[in-house]
Amino acid sequence: MTEQSISTDAVTVSEPEVSRLRKVGGGLAWTFFAMICLAAFTLVKLPEERIRTTIEGYLNNALASQGAALSSRETSLSMIFGPKIIMKGVSLTFQGTEMPVKIDEINISPSLIKLITNKLRSNFKVIFGEGTLTGSFHMKKDGSAFGVSVDASKMDIGKAGLLQALANVRGGAILNGTVD
């Protein structure tokens with residue numbers, strides 16, 4: 001057997017210089033990644049049940065001053081593109097009436113940016129069978145300014161029981177149009 005010799009020469013490898021743009025870009029990328037992870041963790045750990053009951057409580061308190069009460073079969077909260085409350089199988093009962101108003105679905109989307117500026121603003125959509133009522137609501141927290149914009153499309157207020165609940169009149173009416 002013959003012996004083989006292995007020669008080892010020292011090789012020096014120099015790392016290329018990292019540009020300033022690459023350093024800053026890497027730092028920004030990690031910061032962006034951390035913010036995305038924080039937002040995702042917040043959405044996963046959001047106390048949905050507590051938020052739902054709080055919102056239903058606010059709605060019932062606001063309606064109680066008008067002599068009405070609200071109940072829903074199912075309520076869900078979505079935070080994908082901002083907060084959105086979806087209530088299905090809603091019954092709206094007015095004081096002095098026996099028949100509740102039946103609403104298929106209510107969607108409420110409050111604006112967080114307006115809330116930061118001490119204003120309340122929300123978009124809503126109410127579905128009665130084939131008809132819809134869409135609109136927006138805004139006011140200052142102190143109640144000094146108030147506004148509502150509503151658009152009705154094929155909304156049958158007789159079929160929903162709204163006419164009988166509000167005016168104690170049996171009948172029907174289909175609403176189409178816009179009110180500001």
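Where is Gly 171 found? Gly 171 sits in the loop between helix H5 (162–167) and strand S7 (174–179). The views below start from the whole chain and come back to this loop at the end. The model shown is predicted.

**View 1. The whole chain holds five helices and seven strands.**
The chain has 180 residues. Along the sequence, helices (α) and strands (β) follow the pattern α-α-β-β-β-α-β-β-β-α-α-β. Buried residues make up 21% of the chain. Take the contacts with a separation of 6 or more: residues 24 or more positions apart account for 29% of them. The chain exposes about 13700 Å². Carbon and sulfur atoms supply 59% of that area.

**View 2. The largest pocket holds about 1600 Å³ of space.**
The pocket is lined by 38 residues. Closest to its centre are Leu 59, Ala 62, Ile 108, Ser 122 and Phe 137. Many elements give two or more residues to this lining. The helices that do so are H2 (48–64) and H3 (112–116). The strands are S1 (68–78), S2, S3, S4 (119–128), S5 (131–140) and S6 (146–156). Sorted by class, the lining of the largest pocket has 32 nonpolar residues, four polar ones and two charged ones.

**View 3. The second largest pocket holds about 220 Å³ of space.**
Its lining includes Lys 102, Ile 103 and Asp 104. Phe 128, Gly 129, Glu 130 and Gly 131 are also among the lining residues. So are Lys 154, Asp 156, Lys 159, Ala 160 and Ile 174. S3, S6 and helix H4 (157–160) each supply at least two residues of this lining. S3 gives the most, with three residues. By class, the lining of the second largest pocket divides into four nonpolar, two polar and six charged residues.

**View 4. Lys 154 is a residue of strand S6 that also lines the second largest pocket.**
Is Lys 154 buried or exposed? Lys 154 counts as exposed because its relative accessible area is 53%, and exposed means over 50%. Look at the backbone here too. Phi of Lys 154 is near 55 degrees. That is a positive value in a residue other than glycine.

**View 5. Ser 91 belongs to strand S2.**
Ser 91 has a relative accessible area of 13%. Buried means under 20%, so Ser 91 is buried. Which side chain makes a polar contact with that of Ser 91? The partner is Lys 102, and the contact is 3.2 Å. Leave aside the neighbours within four places in sequence. Ser 91 then touches Ala 69, Leu 70 and Ser 71, along with Pro 100, Val 101 and Lys 102. Lys 102 is also one of the residues lining the second largest pocket.

**View 6. Ile 86 is another residue with its place in strand S2.**
Not counting residues up to four places away in sequence, Ile 86 touches Glu 74, Thr 75 and Ser 76. Ile 86 also touches Glu 105, Ile 106 and Asn 107. Now find Phe 124. Ile 86 and Phe 124 are 38 residues apart along the chain, and their C-alpha atoms are separated by 9.8 Å.

**View 7. Gln 95 lies in the loop between strand S2 (84–94) and strand S3 (101–110).**
Gln 95 counts as exposed because its relative accessibility is 70%. Gln 66 is 29 residues away from Gln 95 in sequence. From C-alpha to C-alpha, Gln 95 and Gln 66 are 8.6 Å apart.

**View 8. Ser 136 lies in strand S5.**
Ser 136 is buried, with a relative accessible area of 12%. Which residues does Ser 136 contact, leaving aside its neighbours within four places in sequence? One run is Arg 121, Ser 122, Asn 123 and Phe 124. Gly 147, Val 148 and Ser 149 are also in contact with Ser 136. Ser 122 appeared in View 2, among the residues closest to the centre of the largest pocket.

**View 9. Gly 171 is partly exposed in its loop between H5 and S7.**
The relative accessible area of Gly 171 is 43%. Leaving aside neighbours within four places in sequence, Gly 171 is in contact with Gly 158 and Leu 163. Gly 171 and Lys 159 are 12 residues apart in sequence. Their C-alpha atoms are 8.4 Å apart in space. Lys 159 is one of the residues that line the second largest pocket.

Notes: Residues are numbered from 1 along each chain as its sequence is written. This is a predicted model: local features need pLDDT of at least 70, side-chain atom pairs count only at pLDDT 80 or more; totals for chains, interfaces and linings use all residues. Side-chain values use heavy atoms; hydrogens and water are left out. Helices (H or I, at least four residues) and strands (E, at least two) are DSSP runs, numbered from the N terminus. Buried means under 20% relative accessible area, exposed over 50%, partly exposed in between (1.4 Å probe, protein chains only). A polar contact is a pair of N or O atoms within 3.5 Å; within protein, one must be able to donate a hydrogen and the other to accept it, and residues adjacent in sequence count only if both atoms are side-chain atoms. Contact means heavy atoms within 4.5 Å. On a 1 Å grid over the protein atoms alone, a cavity is a set of points where a 1.4 Å probe fits but cannot get out, and a pocket is an open set with protein on both sides within 12 Å along at least five of seven lines; lining residues have an atom within 4 Å of a point. Grid points are joined across faces, edges and corners, and a volume is the space filled by probe spheres set on the points. Ala, Val, Leu, Ile, Met, Phe, Trp, Tyr, Cys and Pro count as nonpolar, Asp, Glu, Lys and Arg as charged, and the others, Gly among them, as polar. Accessible areas come from the Shrake-Rupley method with a 1.4 Å probe; for residues, only the protein chains shown count as cover.
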